[in-house]
Amino acid sequence: MINVTKPFLPPIQEYLEYISGIYKRTWLTNNGPLVNELEIQLRNYLGTPHLLFLTNGTVALQLAIKALDLKGEIVTTPFSYVATTSSIVWEGCKPVFADVDPLTMNISPESIERAITSDTSAILTTHVYGNPCEIDAIDVIAKKHNLKVIYDAAHCFGTTYKGKSVFQYGDISTTSFHATKLFHTIEGGAVFCNSPEILKKIAYMRNFGHDTPESFTELGINGKNSEVHAAMGLCNLKYADEILAKRKTLSDRYDFALKCLKHTKPTINQSAKFNYAYYPVILQNEEIVERIIYNLNDNQIFPRRYFYPSLNTCLPYLEKSVMPNSETLSKKVITLPLYHDLSFEEIDFISRIILRTQNN
Ligand SMILES: *Cc1c(COP(=O)(O)O)cnc(C)c1O
């Protein structure tokens with residue numbers, strides 16, 4: 001069976017060494033030494049001075065919205081994972097969708113402008129598939145309308161924009177270290193923020209708002225992560241360069257094997273170094289997408305319709321709206337299997353089935 005993704009696992013011995021240290025210390029969670037070590041190593045690896053390791057990428061989004069004290073409307077993308085939108089609703093704000101650019105599949109700056117009202121407090125959007133948004137244009141809009149910017153950078157481990165980690169942009173960037181992501185800690189996530197005050201606020205918020213065991217500075221929640229998760233991150237981080245390089249090699253192989261396919265791929269931002277986190281292909285129509293998925297499934301291959309359906313059409317807690325580009329793209333895109341130990345033979349096999357389907 002070939003799934004769209006398969007978690008990277010480090011050699012078990014390397015993980016067990018960390019676990020045996022945890023047993024010796026009997027320190028399982030609450031700002032333990034491995035959590036601290038992982039935060040330091042991630043800062044060094046990513047070149048991001050301000051980062052906090054959290055429970056998951058969804059809590060990271062919720063804490064970001066809370067820490068910036070956002071109210072009213074937040075302009076967001078309909079082409080993302082549900083957590084991007086649901087976090088806005090969960091924090092008591094109203095998501096207002098702005099359509100995506102048909103070439104990049106990221107939010108379009110022109111649609112952001114059109115979606116802004118006197119109630120808008122922020123823009124919260126996703127760098128889809130690890131491809132940075134039009135960060136400079138979004139920055140100009142945010143300054144003009146006095147809005148905060150949060151980037152859901154869940155796909156962006158290893159992506160750079162203008163030579164810096166893409167996590168450095170926006171008032172806050174969040175990411176996910178879930179097992180399905182390029183770099184993972186089984187469950188996990190992080191916030192990145194260049195304001196020391198906001199970062200400090202989130203540091204309190206992730207630990208119930210505790211200042212000392214008996215005093216509190218903030219309203220808080222439990223957003224801490226544990227030593228066993230940090231251990232997995234420390235092991236995986238040693239392989240991050242290798243994982244990133246392999247992703248590119250495998251993507252190049254797909255490019256080669258799918259040369260004759262009638263399809264397009266998202267246009268990568270010119271100022272970015274892409275991390276090859278996913279391999280999306282945009283086909284001519286939904287019918288061909290369905291036939292390809294059917295034939296792949298028949299061969300025990302399970303791609304994902306990632307992201308489908310467009311979020312403006314499917315959430316029972318939101319009024320429906322119309323986002324033509326996002327709706328059309330979500331019907332035409334599939335994300336092909338891509339993970340560290342996928343072989344060239346498997347890529348060729350997958351590609352042959354896809355080509356055969358299109359040619360029939
Ligand atoms: C994975 C993902 C999330 C959620 O992260 P979790 O760590 O699973 O909570 C949020 N947004 C996007 C775009 C994602 O891909």
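**View 1. Pro309 lies in the loop between S15 and H11.** This is a predicted model. A cis peptide bond joins Tyr308 and Pro309. Its omega angle is about -10°. Phe307 has its place in this loop too, between strand S15 (301–302) and helix H11 (311–314). The peptide bond that leads from Tyr306 to Phe307 is cis as well. Here omega is near 10°.

**View 2. Tyr306 reaches the ligand with its side chain.** We stay with Tyr306, the residue that starts the cis bond to Phe307. An N or O atom in the side chain of Tyr306 is 3.5 Å from an oxygen atom of the ligand. Around the ligand, the protein covers 92% of the accessible area. On its own, the ligand has 380 Å² of such area.

**View 3. Asp152 and Ser176 make side-chain contacts with the ligand.** Asp152 faces a nitrogen atom of the ligand, 2.7 Å from an N or O atom of its side chain. Ser176 pairs with an oxygen atom of the ligand instead. That distance is 2.7 Å, again to an N or O atom in the side chain. Both residues are among the closest to the ligand, a group that also includes Gly57, Thr58 and Lys181.

**View 4. The ligand sits in the largest pocket.** How many residues surround the ligand? There are 16. By class, ten of the shell residues are polar, four are nonpolar and two are charged. Two helices stand out in this view. Helix H3 (57–67) supplies at least two residues of the shell. Helix H4 (82–90) also supplies at least two.

**View 5. Three strands form an open sheet.** In what order do the strands lie? The order is S8-S7-S13, and the pairing is antiparallel. Strand S8 (164–165) is an edge strand, and so is strand S13 (272–273). Each edge strand pairs on one side only. Strands of a sheet pair through backbone hydrogen bonds. Look next at one of these pairs. Strand S7 (residues 160–161) and S13 run antiparallel and are joined by two bridges. Which residue of S13 is the bridge partner of Thr160? The partner is Lys273.

**View 6. Asn30 has a positive phi.** The phi angle of Asn30 is about 65°, although this residue is not a glycine. Where is Asn30 found? The site is the loop between helix H1 (12–25) and helix H2 (33–46).

Methods. Residues numbered from 1 in each chain as written. Predicted model: local features only at pLDDT ≥ 70, side-chain atom pairs only at ≥ 80, totals over all residues. Heavy atoms only, no water. Near = heavy atom within 4 Å. Polar contact = N/O pair within 3.5 Å; in protein donor to acceptor, adjacent residues only side chain to side chain. Areas by Shrake-Rupley, 256 points an atom, 1.4 Å probe, with all protein chains shown as cover. 1 Å grid on protein atoms, 1.4 Å probe; cavity = no way out; pocket = protein on both sides within 12 Å on 5 of 7 lines; lining within 4 Å. Sits in = over half its atoms within 2 Å of the grid points. Helix = DSSP H or I, 4+ residues; strand = E, 2+ residues; numbered from the N terminus. Nonpolar A, V, L, I, M, F, W, Y, C, P; charged D, E, K, R; others polar. Pairing = 2+ DSSP bridges.
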